[in-house]
Amino acid sequence: MCGRYTLVTLDGFEPFFEINDQPDLVPRYNVAPSQDVPVVAPGREGRSCGLMRWGLIPHWSSGERP
């Protein structure tokens, strides 16, 4: 996977997604696979935002595994 994107911080992010917590985000121009990125996900107490590693490790790869 070689897709990349830009990460920006926005005012109103938390109310829009109805979350109460947000990790400290630093704007980045070139987010690449294998970097930690913010993800909004449902939880027991409602939605939350956390960091997850972005990317895909094919089954045939000898790369890092969780």
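## A walk around the model

Start by selecting phenylalanine 13, which is buried, with a relative accessible area of 19%. Buried is the word here because the cut-off is under 20%. Keep in mind on the way round that what you have open is a predicted model.

**Stop 1: the whole chain**

Zoom out for a moment and colour by secondary structure. The protein contains 1 helix and 4 strands, and reading along the sequence you meet them in the pattern β-α-β-β-β. Now turn the model about its principal axes: the C-alpha atoms fill a box of roughly 40 × 30 × 15 Å. The radius of gyration is 14 Å, whereas a compact globule of 66 residues would have one near 11 Å.

Switch on the surface next. About 5,600 Å² is exposed, and carbon and sulfur atoms supply 54% of that area. How much of the protein counts as buried? The share is 14% of the 66 residues. If you like contact maps, here is one more value for the whole chain: among contacts with a separation of 6 or more, 39% are between residues 24 or more positions apart.

**Stop 2: the phenylalanines of the helix**

Go back to phenylalanine 13 and add phenylalanine 16 and phenylalanine 17, drawn as sticks. Ring pairs link Phe13, Phe16 and Phe17 into a cluster. The structure holds 3 aromatic pairs. One of them joins phenylalanine 13 to phenylalanine 17, with 5.2 Å from centre to centre and 55° between the planes, a tilted arrangement.

Why are phenylalanine 13 and phenylalanine 17 about one helical turn apart? They sit in helix α1 (residues 13-17) with a spacing of 4 residues, and therefore about one helical turn separates them. The rings of phenylalanine 16 and phenylalanine 17 make an edge-to-face pair, because their planes stand at 90°, with the centres 5.0 Å apart.

Now colour these residues by accessibility. Phenylalanine 13 is buried at 19%, phenylalanine 17 is partly exposed at 29%, and phenylalanine 16 is exposed at 62%.

**Stop 3: the β3–β4 hairpin**

Select residues 36-43, which are strand β3, and residues 46-53, which are strand β4. These strands pair in the antiparallel sense over 8 bridges. Follow the backbone from β3 into β4 and you pass through a hairpin connection of 2 residues. To get your bearings in the ladder, click valine 39: glycine 50 in β4 stands opposite.

**Stop 4: valine 37**

Stay in strand β3 and pick valine 37. Is valine 37 buried or exposed? With a relative accessible area of 5%, valine 37 is buried. Show what surrounds the residue: leaving aside residues up to four places away in sequence, valine 37 touches Tyr5, Arg28, Val31, Gly50, Leu51, Met52 and Trp54. Try the distance tool on one of these neighbours. From valine 37 to glycine 50, the C-alpha atoms are 8.1 Å apart, with their positions 13 residues apart in sequence.

**Stop 5: proline 42**

Further along strand β3 is proline 42. Proline 42 is exposed, with a relative accessible area of 75%. Draw a C-alpha to C-alpha line from proline 42 to glycine 55: these residues are 13 residues apart in sequence and 20 Å apart in space.

**Stop 6: the salt bridges**

Finish with the charged side chains. How many salt bridges are there? The count comes to 2.

For one, select glutamate 18 and arginine 47, whose closest N and O atoms are 4.0 Å apart. This salt bridge links distant parts of the chain, with glutamate 18 in the loop between α1 and β2 (28-31), arginine 47 in strand β4, and 29 residues from one to the other. Glutamate 18 is exposed, at 60% relative accessible area, while arginine 47 is partly exposed at 41%.

For another, select aspartate 36 and arginine 53, where the closest N and O atoms are 3.8 Å apart. Aspartate 36 belongs to strand β3 and arginine 53 to strand β4, so this pair ties together parts 17 residues apart in sequence. Aspartate 36 is partly exposed, with a relative accessible area of 37%.

Terms used: Residues numbered from 1 in each chain as written. Predicted model: local features only at pLDDT ≥ 70, side-chain atom pairs only at ≥ 80, totals over all residues. Heavy atoms only, no water. Pairing = 2+ DSSP bridges. Phe/Tyr/Trp six-rings, centres within 6.5 Å; stacked < 30°, edge-to-face > 60°. Buried < 20%, exposed > 50% of the residue type's maximum accessible area, 1.4 Å probe, protein only. Contact = heavy atoms within 4.5 Å. Rg over C-alpha atoms; globule rule 2.2 N^0.38 Å. Areas by Shrake-Rupley, 256 points an atom, 1.4 Å probe, with all protein chains shown as cover.
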